[in-house]
Amino acid sequence: MVESIVFGIGITALAGALATVAGAAENVESDIGSQGDPNSQVQLAPQMGYIHRIFNKAVAGEPPAYGLWIALGAGLAWAFLAMQINPILALVLGSSLAVFVQGVYATTAYLGRTASLAKFGQPVYVDILKSMTTVTMAHAFVAIFTTVTMCYLINAALGHPFPLPLLGIVWGIALGAAGSATGNPFYGKERQYQNQKYGAGVPIAASGNIVRFAEAGERNSLDNGWFSARLGGPASGVCFGLIVFLELWRTVLFEEVGSGWGAIVMGIIIILVFMVIDRYIEVWARKNYGPFVKPEETSS
Amino acid sequence: MTVKVEKIEGGIPHNTIMVAGLIASVILIYLTYANVLTGTAYFSFFGGLATVAALVWGSHAIKHLCSYGIGTGVPSAGMIAFGSGVIAMLFATKYGVAAPIVAVIVAAILGAIFGYLANNVLSMRIPVMIISLIELSVIGALTLMGYAAMMTGSFNLTALTTGSIAILGMSLPSYYVSFIGGALIATVFMLGAIAIQHPFNACLGPNWTQDRMLTLAAECGFLSMIVAAIMSMALIPMGAALISLFVAVIGWYYTYAKYIELSRRDAAAWLDSKPIPDVEGQ
Amino acid sequence: MSAVAAKPTAGGAMDVTATIIGIIILLVVIALTYFLVGPGLAFMALIGIIVGGILVAFGVHFVPVGGAPAAMGQAPGIATGVAMLAAGAGLAGLFGGAWAAQTTDNLLVIVVTGAVGGGLMMAITCMFVTFIYVFGMGIPNASGKVAKDPITGDTQTEYKSQGTEGHGLPFISYVGGVIGGLFGGAGGTLIYIMLLNLYNEELPGMMNALPAQVLPIAVTLAGMFAIGMFLVNAVLAAYNITGTIEGPHDPKFKRFPRAIVASAVASAVCGIVAIMIVAV
């Protein structure tokens with residue numbers, strides 16, 4: 001009994017760690033590709049006359065896109081497992097093929113969006129296509145492999161009833177949702193609009209005027225990758241890692257307590273703890289950042 | 001996605017694409033029935049071709065709907081298409097050889113009700129909402145059925161829920177190693193849901209062109225077919241899966257090359273390692 | 001968005017005729033199911049699916065989503081799409097609920113476990129959104145729709161930066177996000193567990209196999225239908241709020257009765273099809 005719980009906790013910790021890596025890689029990947037909501041600005045900039053060299057890879061929003069990559073990796077891994085291939089090899093092969101699909105989608109998305117902006121003079125940069133796609137593929141591989149492995153552990157070691165592809169779709173969408181919620185503002189506001197006032201939202205009038213020049217030369221999306229890796233990526237990783245870890249932890253440890261109510265009570269306590277932390281941060285910000293000058297007119 | 005979508009007319013009319021897509025995908029799904037008649041699985045690849053036909057139609061149906069601005073992202077249209085499509089498709093597989101027809105009818109009813117709800121109860125008032133959701137549900141159901149036919153060689157519920165597993169050289173029946181038991185349906189659900197919305201989502205903008213978007217739709221279909229063919233190796237004989245894979249790779253290579261060529265035609269410029277052009281005069 | 005802005009008539013008002021027709025369809029579907037399968041497990045499954053669908057659609061209205069402008073700190077809420085964020089939370093809840101269904105038969109425990117799973121996902125995600133806004137970008141939370149946070153009483157206007165509609169997640173939005181996760185998780189799990197019980201009961205007879213053998217089939221069918229219905233309901237609810245909402249204090253929240261009617265009908269129609277796979 002104790003042994004099985006210790007085993008469960010070990011798997012839980014491993015799954016949480018894998019999820020953390022996955023969240024970080026997911027966010028950096030999507031920011032290099034300008035996927036998700038910051039994409040709207042990359043798309044808007046040429047229309048405002050700001051031609052840029054940023055990768056514009058609008059496959060879909062992050063949650064559906066990652067729903068596909070992870071479900072695909074999991075489905076392929078499941079098929080290889082059914083063909084009696086060694087699990088580790090199956091997971092790697094499945095993730096690699098899923099990354100191939102991701103890479104192809106990335107190229108068609110960039111070509112499609114850019115060609116449709118021809119009216120505004122936005123050219124297709126072949127060097128961007130070559131160098132950025134490979135980098136996003138590398139990050140996507142990390143995200144897909146870790147998440148599919150996590151799903152495999154949840155299914156095979158912790159005994160969740162869902163088959164691997166179904167777990168893939170569930171956790172893929174959750175990964176995209178957590179990563180885009182946490183990481184998007186950091187890239188969208190802080191990086192694309194670093195020329196705007198710090199500590200304030202981007203005025204709607206400034207939309208489209210994204211930063212197009214780097215410390216030296218012209219900015220490309222690799223410059224955005226290292227920026228995201230500074231905070232947005234790790235924060236997304238910790239976010240997704242905590243979601244997976246705490247969800248598994250409360251089930252593995254407290255499932256048997258009080259005929260199922262133990263896990264529920266634990267979950268509610270965790271929710272309340274996070275609520276208190278959130279409120280603390282909010283009050284801290286209100287105290288330290290002080291009120292802005294009252295806007296004269298808020299017609300919008 | 002607050003990008004303003006401009007309506008561009010011209011090219012093949014939507015109704016032509018709709019009729020062609022519907023007929024082509026239903027006929028192609030029925031061609032997989034040759035598996036049953038001949039007792040092999042070599043005709044499974046027709047199911048994959050059916051998904052390509054359905055997705056080409058689907059991308060244009062999404063274009064038709066989303067050119068009105070539905071207030072939320074393009075991908076959500078793909079999600080509702082496949083959410084209703086999966087329900088209709090699984091129900092239809094009960095009806096044996098009539099399954100594709102039943103799937104079309106049930107999906108059309110579901111789509112009509114959802115369209116009515118969105119348009120009237122939720123007051124969206126988009127003229128093409130009802131017809132678009134009917135089309136999208138049918139496309140979702142046909143695409144999923146095409147994948148099912150391609151990956152199992154058949155489109156009835158028994159074939160989708162039973163497989164066989166080889167243990168020590170013996171082949172034992174198994175419910176776990178099957179299209180539904182192993183939840184491969186979840187993977188093809190996402191494959192289709194992304195492939196249907198991607199062509200329009202990727203090609204939207206002022207210089208949208210129909211042939212480029214439809215080529216991309218075919219490319220997405222064949223790309224999805226490649227991975228579906230690899231997954232089908234677990235369920236159907238290797239020879240049949242390799243035929244599917246071969247067809248898919250050829251189709252994908254052709255459409256991908258063609259798509260790049262069309263993008264090159266439409267792009268403002270095709271530059272390699274060049275700086276941002278000087279557009280001060282603008 | 002342009003077409004939506006051009007049609008102010010698509011506001012909060014309910015279309016009475018359409019609503020009545022919707023309710024008639026709902027009653028017809030319920031009566032038809034009763035007529036076809038009788039007052040047994042299958043009929044209870046339909047009721048459970050309808051309730052689950054309503055919970056999902058209602059929950060989506062609580063989730064604070066700002067879409068693309070939120071990523072630039074131009075509008076409050078989480079910077080992603082509403083349907084998919086709700087799906088992320090709801091499916092995380094479904095994961096927990098499906099797991100609990102393995103060890104217990106108590107419906108209440110299973111559904112509440114699913115709800116807490118969804119709430120947990122949103123609680124952590126929303127906390128990190130605030131974290132990024134405050135420590136990553138130095139931006140305090142401010143709502144654009146109300147002058148005072150209805151829960152904490154904090155004034156909002158003076159924290160709103162110039163030229164924006166507000167930013168971040170004020171505490172009311174945070175609570176809304178958690179409530180949305182709770183409802184979404186509960187709804188998704190309810191749909192799943194109702195279908196799972198039905199399929200576990202009916203499939204062995206239909207497929208001529210042992211219950212243990214068909215369990216993977218039942219799990220996948222129920223899980224796939226739960227995901228499909230979840231997405232249909234979430235997208236319909238997203239259409240209702242036209243993409244973005246700040247939370248329960250947003251004026252758009254008052255549109256929820258329409259979404260409840262729509263999702264009840266949609267779930268009933270999906271439900272009868274899902275039930276007829278095994279029942280007729």
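The bend at a residue is the angle between axes fitted to the seven residues ending there and the seven starting there. Keep that in mind for the first stop. The model is predicted.

**Stop 1: helix H8 of chain B.** Select residues 184-203 of chain B. Find B:Gln197: H8(B) has a kink of about 35° there, shortly before the proline B:Pro199. Now check the length. The helix has 20 residues, so at 1.5 Å a residue it should span 28 Å. Its end C-alpha atoms are 29 Å apart, which agrees. Is H8(B) mostly covered or mostly open? Covered: 20 of its 20 residues are buried. Move past the helix to B:Gly205, which follows H8(B) and has a positive phi, near 140°.

**Stop 2: the largest nonpolar core.** This core holds 331 residues. Select A:Ile243, C:Leu195 and C:Leu236, which touch the most other members. Next, select helix H8 of chain C, residues 211-240; this helix supplies the largest share of the core, 20 residues. In chain A, domain 1 (2-244) and domain 2 (255-288) each contribute at least three residues to the core.

Zoom in on C:Leu195. Beyond its neighbours within four places in sequence, its contacts are C:Ala45, C:Leu221, C:Ala222, C:Phe225, C:Ala226 and C:Ala274.

**Stop 3: where chain C meets chain A.** Here 72 residues of chain C are in contact with 73 residues of chain A. On the chain C side, select H4 (67-71), H5 (82-103), H6 (107-136), H7 (171-207) and H8; these elements each give two or more residues. Which one gives the most? H6(C), with 21 residues. Finally, colour this side of chain C by residue class: 41 are nonpolar, 27 polar and four charged.

Definitions and conventions: Residues numbered from 1 in each chain as written. Chains lettered and ligands numbered in written order. Predicted model: local features only at pLDDT ≥ 70, side-chain atom pairs only at ≥ 80, totals over all residues. Core = buried A, V, L, I, M, F, W, Y, C linked by C-beta atoms within 7 Å. Buried ≥ 20, exposed ≤ 12 C-beta atoms within 10 Å, placed from the backbone. Helix = DSSP H or I, 4+ residues; strand = E, 2+ residues; numbered from the N terminus. Domains from an automatic or database assignment. Contact = placed C-beta atoms within 7 Å. Nonpolar A, V, L, I, M, F, W, Y, C, P; charged D, E, K, R; others polar. Expected span 1.5 Å × (residues − 1).
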